[in-house]
Amino acid sequence: MNNNLKSWLKKETSKCMFCGFCEALCPTVRFGSHRGYGPRGRINIVLYLSEEGKYTHEALNSLYSCLLCAACTLKCPANIDIPEVIRVARSLYARNNLKEKEEVVIEKEVS
Amino acid sequence: MERTKIARDLSRLIGKNKVSVDEALLRIYSKDPLGNVGKALAVVFPISSNDVSKVVQYAYENDIKIYAQGSSTSLAGSSLPLEAGIVLSFERMKRVLEISLVNSYVFVEPGVRIDDLNFELASKGYMFPVDPASSSVATVGGAINSGAGGMRGAKYGTMRDWVLGLELVLPDERGSIVFSGCKTLKCRQGYDIVRLIVGSEGTLALVTKAYLKITPLPETVIVALAFFPKLEDLMEAVVNIKTQRIQPYILEFLEKKTAEIAAKSINSNINIEGHMLLVGIDVNREAGSRYVEWMKKILIRHGAREVQTAESWEEAEERGLFNIRRSLFVAQSKIAREHYKNVKDAKVMLLIEDIAVPPSRLVEAVEGLKELEKKHGFITMLGGHVGDGNLHPSIGFNALDPKESKRAEEWFKDLIDLAISLDGTVSSEHGIGLAKKDALRRELDARGSVKLLEIMGNIKKVFDPKNILNPGKVV
């Protein structure tokens with residue numbers, strides 16, 4: 001990860017209070033197979049990645065299933081810029097891990 | 001036991017797509033709103049009571065701990081995987097199985113969110129009245145296990161008043177599935193196991209289905225929002241309202257400074273002219289204006305400077321009369337973050353407390369809290385359910401500063417002493433979990449009843465002889 005962006009990600013995601021209020025508004029969490037398909041999960045996965053965590057299969061499912069609709073930001077008491085966190089995390093991943101024209105594929109999972 | 005072996009074994013027992021040991025995912029299921037990080041070895045997503053039973057049998061045989069989770073919004077640390085173990089997440093068991101108006105119940109799986117349940121019930125003119133502030137995300141199973149309450153608690157009580165029967169998986173070698181309680185409103189089934197499970201925080205058995213009582217939605221609710229220059233006057237008004245042969249639907253209070261911050265945080269155009277009291281009374285529509293006038297008179301007679309009223313719930317929503325109270329949590333977090341905005345690398349934590357005192361002693365409680373604010377130097381945000389004496393004082397502190405963390409701990413200890421000294425209790429609706437074990441002991445000690453802890457410990461052993469369910473919590 002690029003260091004400046006990485007430290008921004010860490011700072012922004014560390015603000016999460018884990019209240020989960022964002023999950024009530026998220027259109028994807030209900031259709032995903034776990035909490036990683038919601039904003040609280042995504043934010044905490046990015047925090048984990050910014051602390052040298054691994055880009056696991058579920059981490060990528062979590063990051064790339066976000067629709068960037070920003071509904072979650074309406075309820076976040078910590079005012080985290082959630083869509084921007086996801087964009088930055090994705091671009092850092094793409095820059096460092098994907099070859100030209102390669103794509104991240106999310107499996108269709110039915111809960 | 002090794003993580004991959006657990007995953008392999010459990011996958012074979014209940015299916016591969018219901019088990020995960022993905023490291024990033026384990027991290028999410030290891031955390032809680034108190035900032036704790038536990039040790040989930042695997043996350044399991046059962047879809048049936050049989051799945052739960054099989055996981056329990058496996059855990060029993062192999063001495064592995066199990067931590068049940070709904071949506072992990074507990075403010076007491078109740079669902080944290082404290083020691084290494086399996087997190088059993090009920091998020092896929094979220095069906096509303098039956099709504100029976102004639103029998104006054106709804107039959108649900110534990111993973112259904114409280115608000116989702118209420119959307120379904122509202123279409124039939126009914127509701128499930130327990131409404132914790134987190135109801136948009138909190139699950140029924142979590143609410144049962146934490147003994148949740150909410151704004152409507154003064155009228156409708158807490159979870160223990162609304163659970164009729166529970167299907168349970170017991171932590172024994174067979175993972176026995178039993179049903180405790182009844183489908184009927186009246187039920188005398190020996191010792192009351194249902195109410196023992198309510199509030200047991202996943203330490204005794206796993207709730208896999210529940211029959212809950214339901215009640216009709218009120219035709220409408222009249223609302224009055226009043227501001228009192230003097231706190232004593234506000235409390236006098238509360239006492240007067242509570243002795244007028246009505247049971248308010250909502251009776252909520254915010255201390256002046258807290259109300260100001262809350263109003264500012266949502267750009268409310270309502271002037272905060274003192275301590276805030278929000279009153280709602282459920283009425284027939286025809287009686288709305290009569291009740292509004294009556295309530296207004298009571299409030300003004302007791303010294304309210306400014307009273308805004310609405311003759312229906314819809315009108316109150318339209319005019320934003322609930323918004324200041326609803327923004328309490330946002331205000332609490334905002335003031336805490338602003339306070340530390342110039343502190344480099346601060347980890348701001350909110351300590352949201354949950355004491356209750358008999359409503360007649362609320363003035364003393366608020367005065368005591370103000371003294372604690374002076375003594376410890378934390379800005380205290382103060383609001384709560386004044387109708388049942390439940391207060392949620394909160395402070396923000398920098399968890400990375402050891403001195404400040406210590407001071408927060410001292411504030412908490414003094415707060416507990418204050419609640420006990422006023423004949424109150426240390427936990428009203430959030431539970432004991434990890435955070436209030438010592439406080440519980442002190443409360444029982446003050447009442448000469450520490451013996452009860454021993455009894456609770458023995459009850460735990462009877463249910464869970466191998467101590468595999470949520471160890472280290474409550475007792």
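**Figure 1. Domains along chain B.** Domain bounds here come from an automatic or database domain assignment. Welcome to a predicted model, in which chain B is divided by that assignment into domain 1 (3–91), domain 2 (93–216), domain 3 (220–326) and domain 4 (334–457). Taken over C-alpha atoms, the centres of domain 1 of chain B and domain 2 of chain B are 22 Å apart.

**Figure 2. Where domain 1 of chain B touches domain 2 of chain B.** On the domain 1 side, 20 residues are in contact with 25 residues of domain 2. Which elements give two or more residues to the domain 1 side? They are helix H3 (49–62) and strand S3 (65–69) of chain B. H3(B) provides the largest share of this side, with seven residues. By residue type, the domain 1 side has nine nonpolar, nine polar and two charged residues.

**Figure 3. Strand S12 of chain B and its surroundings.** This view turns to residues 220–228, the strand S12(B). Nine of its nine residues are buried, so S12(B) is largely enclosed by the rest of the structure. In a regular strand, side chains alternate between the two faces of the sheet. Looking at each side in turn, Thr220(B), Ile222(B), Ala224(B), Ala226(B) and Phe228(B) are buried on one side of S12(B). On the other side, Val221(B), Val223(B), Leu225(B) and Phe227(B) are buried too, and both faces are thus covered.

**Figure 4. The strands that pair with S12(B).** Let us meet the partners one by one. Strand S14 (residues 275–283) of chain B pairs with S12(B) in the antiparallel sense, over nine bridges. Within this pairing, Val221(B) has Asp282(B) of S14(B) as its bridge partner. Strand S15 (residues 306–310) of chain B also runs antiparallel to S12(B), and five bridges join the two. What stands opposite Leu225(B) in S15(B)? That residue is Gln308(B). Val221(B) and Leu225(B) both belong to the buried residues of S12(B) shown in the previous view.

**Figure 5. Chain A, a chain of helices without strands.** Chain A has four helices and zero strands, and from the N terminus on its elements run α-α-α-α. Along the principal axes, the C-alpha atoms of chain A fill a box of roughly 35 × 35 × 20 Å. A compact globule of 111 residues would have a radius of gyration near 13 Å, and chain A, with 13 Å, agrees with this. Of the 111 residues in chain A, 45% are buried. Among contacts in chain A with a separation of 6 or more, 69% are between residues 24 or more positions apart.

Key:
Residues numbered from 1 in each chain as written. Chains lettered and ligands numbered in written order. Predicted model: local features only at pLDDT ≥ 70, side-chain atom pairs only at ≥ 80, totals over all residues. Contact = placed C-beta atoms within 7 Å. Nonpolar A, V, L, I, M, F, W, Y, C, P; charged D, E, K, R; others polar. Rg over C-alpha atoms; globule rule 2.2 N^0.38 Å. Buried ≥ 20, exposed ≤ 12 C-beta atoms within 10 Å, placed from the backbone. Pairing = 2+ DSSP bridges.
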